[in-house]
Amino acid sequence: MDHQPPRLGKMQLQIMQELWSQSELTARQMTERLSRIAPTTHSTVQTLLRKMETKELITHEDREGTFVYRPLYQQSEVSGALANDFLDRVFQGSISKLVSHFLAEGRPSPEELSRLRALVDSLPKE
């Protein structure tokens, strides 16, 4: 896609995650999968799918009267957009504020700290 994906609500993100894991699903299959997480009505899923199609997040193909849905964005595109949006809205775009918060609140394991150091060390020096 040439543009950033629109913001997603919690259920919309769950739908996208299901589509990424399966490549394509019918509305009925989606309802069954989402109902394993929390009670979800088929009409709610159908409404969400229509709205997501209007936002150009997903598309469908009519196969003998059954709509089969698939995502129009890769998971990495949506994850990146969500992460950047979170960083901008919560930490005013400051990566150091974000990392400081999670280091203070999350109590990372020694392994996680080692991975973080390695990531920082791998950045190009200016």
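Trainee: Why are Asp-85 and Arg-89 said to be separated by about one helical turn?

Mentor: Keep in mind that this model is predicted. Asp-85 and Arg-89 both sit in helix H4, which covers residues 75-91, and they are four residues apart. An α-helix has 3.6 residues a turn, so residues three or four places apart point the same way. The spacing of Asp-85 and Arg-89 therefore comes to about one helical turn.

Trainee: What makes the contact between Asp-85 and Arg-89 a salt bridge?

Mentor: The test asks for a side-chain nitrogen of Lys or Arg within 4 Å of a carboxyl oxygen of Asp or Glu. For Asp-85 and Arg-89 the N to O distance is 2.8 Å, so the pair meets the cut-off. In general, side chains of opposite charge can pair when their charged atoms come close. Arg-7 belongs to the picture too, as Arg-7, Asp-85 and Arg-89 are linked in a network of salt bridges.

Trainee: Which of the words buried, partly exposed and exposed fits Asp-85, and which fits Arg-89?

Mentor: Set each value against the limits. Asp-85 has 18% relative accessibility and buried means under 20%, so Asp-85 counts as buried. Arg-89 has 51%, and the exposed class starts over 50%, so Arg-89 is exposed.

Trainee: How do you know that the length of H4 agrees with what a helix should span?

Mentor: H4 has 17 residues, and at 1.5 Å a residue they should span 24 Å. The expected span uses one less than the number of residues. The end C-alpha atoms of H4 are 23 Å apart, which agrees.

Trainee: Which residues of H4 are buried, and what do they pack against?

Mentor: Val-78, Ala-81, Asp-85, Leu-87 and Phe-91 are the buried residues in H4. They pack against H1 and H5. Just after H4, Gln-92 takes a positive phi of about 50 degrees.

Trainee: What makes Glu-18 and Arg-33 a salt bridge, and which helices does the pair link?

Mentor: Their closest N and O atoms are 2.4 Å apart, and the limit is 4 Å, so the pair qualifies. Glu-18 lies in helix H1 (residues 10-22) and Arg-33 in helix H2 (residues 27-35), with their positions 15 residues apart in the chain. Glu-18 counts as buried, with a relative accessibility of 13%.

Trainee: And which elements does the pair of Arg-63 and Glu-24 bring together?

Mentor: Arg-63 and Glu-24 form a salt bridge with closest N and O atoms 2.8 Å apart. Arg-63 belongs to strand E2 (residues 58-63), while Glu-24 is in the loop between H1 and strand E1 (25-26). These two residues are 39 residues apart, and the pair links distant parts of the chain. Arg-63 has 34% relative accessible area and Glu-24 has 32%; values between 20% and 50% are called partly exposed, so both residues get that label. A search of the whole structure finds five salt bridges.

Trainee: Why is Gln-12 called buried, and what is it in contact with?

Mentor: Gln-12, in helix H1, has a relative accessible area of 8%. The limit for buried is under 20%, so the label holds. Leaving aside neighbours within four places in sequence, Gln-12 is in contact with Arg-7, Leu-48, Met-52 and Lys-55.

Trainee: Which residues form the nonpolar patch on the surface, and which helices supply them?

Mentor: The patch consists of Ile-95, Val-99, Leu-103, Leu-116 and Leu-119, with about 420 Å² of accessible area together. Helix H5 (95-106) and helix H6 (110-122) each supply at least two of its residues, and H5 gives the largest share, three residues. Take Leu-119, in helix H6. Its relative accessible area is 55%, and a patch member needs over 30%, so Leu-119 passes that part of the test.

Trainee: How does the radius of gyration of the protein stand against that of a compact globule?

Mentor: A compact globule of 126 residues would be near 14 Å, but the protein has 19 Å. Its C-alpha atoms fill a box of roughly 55 × 35 × 25 Å along the principal axes. Buried residues make up 28% of the 126.

Technical notes: Residues are numbered from 1 along each chain as its sequence is written. This is a predicted model: local features need pLDDT of at least 70, side-chain atom pairs count only at pLDDT 80 or more; totals for chains, interfaces and linings use all residues. Side-chain values use heavy atoms; hydrogens and water are left out. Patches are made of residues with over 30% relative accessible area and no salt bridge: like charges are joined within 9 Å, nonpolar side chains (Val, Leu, Ile, Met, Phe, Trp, Tyr) within 5 Å. Accessible areas come from the Shrake-Rupley method with a 1.4 Å probe; for residues, only the protein chains shown count as cover. Buried means under 20% relative accessible area, exposed over 50%, partly exposed in between (1.4 Å probe, protein chains only). The radius of gyration is taken over C-alpha atoms; the globule rule is 2.2 Å times the number of residues to the power 0.38. Contact means heavy atoms within 4.5 Å.
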